[in-house]
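I opened this model to look up a few places one at a time, and I kept a note of each step as I went.

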Amino acid sequence: MSRADSHPSRRAFIGATGAVATTGLSAGCESPAAQPTRPPSPASTTRVSPTGRYQAGITLPQPAQPNLLAVVADLGDAVAVGLLLAELGQAIHTLTAGTDPRLLGLPPGDLTVTIGVGPRLVRMADPSLPGAADLPRFSREQIAPQARGGDLLIQICASDALLLPVVAAALLEQAGDRIRERWRQSGRRGPNTPVDKGISAPRNLLGFIDGIVGPHTTAEHQRHLWLAGPAPVVGGTIAVLRRMELDLPRFAALSVAHQEAVFGRRRATGVPLSGGTAAWDPNLGAKTPDGRYLIPADAHVRRANPNVVGVGLMLRRSYSTDEPTPGLLFISFQNDIRTFTNTLAHMDDSDALLRFTTTTASATFLILPGFDQQHPLGAQMFH
């Protein structure tokens, strides 16, 4: 039985510690095999404040923590959404401060918890708000009903993998019988590779640097990431989660040149096949002397190029997985859902990379604006 089809109890999450510790590689994570020549680096102890204009776990910390657990749940029909969110926000305060006894003595380090609400809850608050639309269906999906959609996203990130199931158990205990889990997925990111001044990204399970293109500056975040209105959503963003299985053996059987043609980049460096540096925009018009495009027509960097699609940039914090099968938990944040949907529609019938993927879970959430002690989580939307 897959995770998508199961309904584990809250107590069962505590037993997931071992699974999280061995969970598969996040986007760009290194091999799970032992690395005897390089001792593991200690978990970060730098605290990330949970309060402010924006929730933590999106642009902060930078770079993103190596471990993630995403829990997707539904709310009961009679649940007071505002009260539940306020309680979760208060629990996030105590957990990230290290004062919550449910941490079982574990130091929180750089723990972040990010909360989002699904389209059904957004429509309950105001159908005109961003985040009220469900994701459409696309090709190459094998998604059980339990793994499509959801009312609540709890994204937990930390350098210490032991924290993830402990924090999940604490938050689910806080929610009690008011919520019911749909599915969860843990993942890891590997070492970051520098791609430009102040910008780095990890490799994915296919060996390529993942997440080079995206809003990186504060100005780009304002333009492409954060919602500017209406008032209840200012400082929020729209998240898309897609869990994908990867056909690693079939991709590995390709020559390196063929692999690079799939992505449109050099595997070793991330440089576009049109030349330059990893941070350069691909020159989609560049051709060989005999008239062939240097970047093939079905290459991923061409089919997903925001200028070609006519959309803004999306911020990706993708994580690689090895449970239930090797794959990718794709997470993107954007202030317009069409940034994602139009991009995937443009990729859907002709992107060479998608031939090696099967999507097994899919959901979208309005990531709520930031909060503090005077302004509870979700208070502006759910009075």
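The entries below follow one residue, then one helix, then one pair of strands.

Entry one. I kept in mind throughout that this is a predicted model. I began with Gln65, which I found in the loop between α2 (17–21) and β1 (67–75). Is Gln65 buried or exposed? Its relative accessibility is 1%, and because buried means under 20%, Gln65 counts as buried.

Entry two. I then looked up what the side chain of Gln65 reaches, and found the backbone oxygen of Asp110 at 2.8 Å, as well as a polar contact with the side chain of Arg317 at 3.1 Å. Leaving aside residues up to four places away in sequence, I listed the residues that Gln65 touches, among them Leu111, Cys157, Arg189 and Tyr319.

Entry three. I turned to helix α3 (residues 81–97), whose 17 residues should span 24 Å at 1.5 Å a residue, and I noted that its end C-alpha atoms are 24 Å apart, which agrees. I found buried residues in α3 that include Val81, Leu84, Leu85, Leu88 and Ile92. What covers the buried residues of α3? I noted that the cover includes β1, β2 (112–117), α4 (119–125), β3 (152–158), α5 (163–175) and β4 (179–188). Just after α3, I saw that Gly98 takes a positive phi of about 80°.

Entry four. I ended with β4, which is mostly covered, with eight of its 10 residues buried. β1 and β4 run antiparallel and are joined by nine bridges; as one case, I looked up Val71 and found that its bridge partner in β4 is Arg184.

How values were computed
Residues numbered from 1 in each chain as written. Predicted model: local features only at pLDDT ≥ 70, side-chain atom pairs only at ≥ 80, totals over all residues. Heavy atoms only, no water. Helix = DSSP H or I, 4+ residues; strand = E, 2+ residues; numbered from the N terminus. Buried < 20%, exposed > 50% of the residue type's maximum accessible area, 1.4 Å probe, protein only. Polar contact = N/O pair within 3.5 Å; in protein donor to acceptor, adjacent residues only side chain to side chain. Contact = heavy atoms within 4.5 Å. Expected span 1.5 Å × (residues − 1). Pairing = 2+ DSSP bridges.
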